[in-house]
There are 2 protein chains.
Amino acid sequence: MERQKFKEYVATKGLKLTKKRDDILDEILTTEGHFDPEELFIRMKTKGSKVSRASVYRTIPLLLECGLIEEVERIDKHAHYEKVLGKQHHDHMICMKCGKVIEFFSPTLEMLQSELCQKESFTGIRHNLEILGYCGRCSK
Amino acid sequence: MERQKFKEYVATKGLKLTKKRDDILDEILTTEGHFDPEELFIRMKTKGSKVSRASVYRTIPLLLECGLIEEVERIDKHAHYEKVLGKQHHDHMICMKCGKVIEFFSPTLEMLQSELCQKESFTGIRHNLEILGYCGRCSK
DNA sequence: CATTAAATTGAGACATAGTCGCATTAAAAG
DNA sequence: CTTTTAATGCGACTATGTCTCAATTTAATG
């Protein structure tokens, strides 16, 4: 059904659903966790795909626009993404030792942020909270 | 007094307080807002400094270690920093239109995060909350 | 199914960001 | 002032992202 969504998006924009685009979406859908374009490209290469770096970089904005993936974080030109796949918004705790990523969601936190935005006359669109530290296993 | 702090730090580590390091610290201290190494380097170049990119990149870890600057955010090798200068921890709202950065601090938010960490058996060391959206002026 | 117009592709040049080794220079200790 | 040691700039190198252009693929049409 993700592929369907992509197909529809591509159609409405007068674009074409190519094999390469399909391959890229497929690779994203079958992998868990965060990814960045370079890593995705390398992974596909390793698996024998003939996709080019340019195609990977060119496909990501399309997947973003149709809501199949989301930008988790970005600095300048460097971004990390994750597939959406029906997930609701959540934030992250990242273990600085083992790299484990814990996803969490707190309605209270969301509400509090709305209040803080209001106080500053700021219209919040999206946010990104990353808590860095040590997971249960690593903090012993 | 920032320079004093740096001098002391450098001394205890058996390093040297060079003219270049001093220049770099000075440039950081006299500029407001966030910065990244490349931008800092270009800015100094433009002002006629003969400092090299390598020196800028090599000095930043020192300033971090002695607490004169802090990492605001990082993805892979790309980081943004800000001078500390007695500021307490705060988070950011960033206008996606004009780039304005609003700094805010909420004790409630901090407390809530501690609770959330506890729930996940996670030892939070530092965090980074960025709310993206539109500032009062731009959201009209 | 063949044709064709338009979009997409890969290759590789280019740009930017960050790191590293090494010969030279500068700091600070004696 | 000499010596020791760290710091510097240069330039090579890696990694990441963007762009152009000729060749290819898609999908609409005949």
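Reader: How many of the 140 residues in chain A are buried, as a percentage?
Author: Buried residues make up 44% of chain A. Buried means under 20% relative accessible area, exposed means over 50%, and partly exposed lies in between, with a 1.4 Å probe and protein chains only.

Reader: What kind of model is this, and how are its parts labelled?
Author: It is a predicted model, in which local features need pLDDT of at least 70, side-chain atom pairs count only at pLDDT 80 or more, and totals for chains, interfaces and linings use all residues. Residues are numbered from 1 along each chain as its sequence is written, chains are lettered from A and ligands numbered from 1 in the order written, and side-chain values use heavy atoms, with hydrogens and water left out.

Reader: Why is A:Leu15 called partly exposed?
Author: Its relative accessible area is 32%. That value falls between the two limits, so A:Leu15 is partly exposed. A:Leu15 sits in the loop between helix H1 (2-12) and helix H2 (19-29) of chain A. Its C-alpha atom is 38 Å from that of A:Gly99, 84 residues apart along the chain.

Reader: What makes up the secondary structure of chain A?
Author: Chain A has 5 helices and 5 strands. Along the sequence the pattern is α-α-α-α-β-β-β-β-α-β. Helices (H or I, at least four residues) and strands (E, at least two) are DSSP runs, numbered from the N terminus. The C-alpha atoms of chain A fill a box of roughly 45 × 40 × 30 Å along the principal axes.

Reader: Which residues come nearest to DNA strand D?
Author: They are A:Tyr57, B:Lys16, B:Arg21, B:Ser52 and B:Ser55, out of 22 around the strand. A residue is near a strand if one of its heavy atoms lies within 4 Å of it. Of the strand D atoms that come within 4 Å of the protein, sugar and phosphate account for 71%.

Reader: How do you know that A:Tyr57 makes a polar contact with DNA strand D?
Author: A polar contact is a pair of N or O atoms within 3.5 Å; within protein, one must be able to donate a hydrogen and the other to accept it, and residues adjacent in sequence count only if both atoms are side-chain atoms. A polar side-chain atom of A:Tyr57 lies 2.2 Å from a phosphate oxygen of strand D. That is within the limit, so the pair counts. Backbone atoms take part too: a polar one of A:Leu17 is 3.2 Å from a phosphate oxygen of strand D, and one of B:Lys50 is 3.1 Å from a phosphate oxygen.

Reader: Which element gives the most to the surface near DNA strand D?
Author: H4(A) does, with 4 residues. By class, this surface has 6 nonpolar, 5 polar and 11 charged residues. Asp, Glu, Lys and Arg count as charged; Ala, Val, Leu, Ile, Met, Phe, Trp, Tyr, Cys and Pro as nonpolar; the others, Gly among them, as polar.

Reader: Which residues are closest to DNA strand C?
Author: A:Thr18, A:Arg21, A:Ser52, A:Ser55 and B:Tyr57 are the closest of 20. Sugar and phosphate give 73% of the strand C atoms that come within 4 Å of the protein. H4(B) supplies the largest share of this surface, 4 residues. The classes are 5 nonpolar, 5 polar and 10 charged.

Reader: What part of DNA strand C does A:Arg58 contact?
Author: A base nitrogen, 2.9 Å from a polar side-chain atom of A:Arg58. A:Ser52 has a side-chain N or O atom 2.5 Å from a phosphate oxygen of strand C. B:His78 has a polar side-chain atom 3.2 Å from a sugar or linking oxygen of strand C.

Reader: What lines the largest cavity?
Author: A:Glu32, A:Gly33, A:His34, A:Glu82, A:Lys83, A:Lys87 and A:Glu103 do. A cavity is a set of points, on a 1 Å grid over the protein atoms alone, where a 1.4 Å probe fits but cannot get out; lining residues have an atom within 4 Å of a point. The structure holds 1 cavity of 30 Å³ or more. The largest is about 40 Å³. Its lining has no nonpolar, 2 polar and 5 charged residues.

Reader: How much space lies in the second largest pocket?
Author: About 390 Å³. A pocket is an open set of points with protein on both sides within 12 Å along at least five of seven lines. Volume is the space filled by probe spheres on the points, which are joined across faces, edges and corners. Of its 20 lining residues, the closest to the centre are B:His89, B:Ile125, B:Arg126, B:His127 and B:Asn128. E5(B) gives the most to the lining, with 6 residues. By class, the lining has 5 nonpolar, 9 polar and 6 charged residues.
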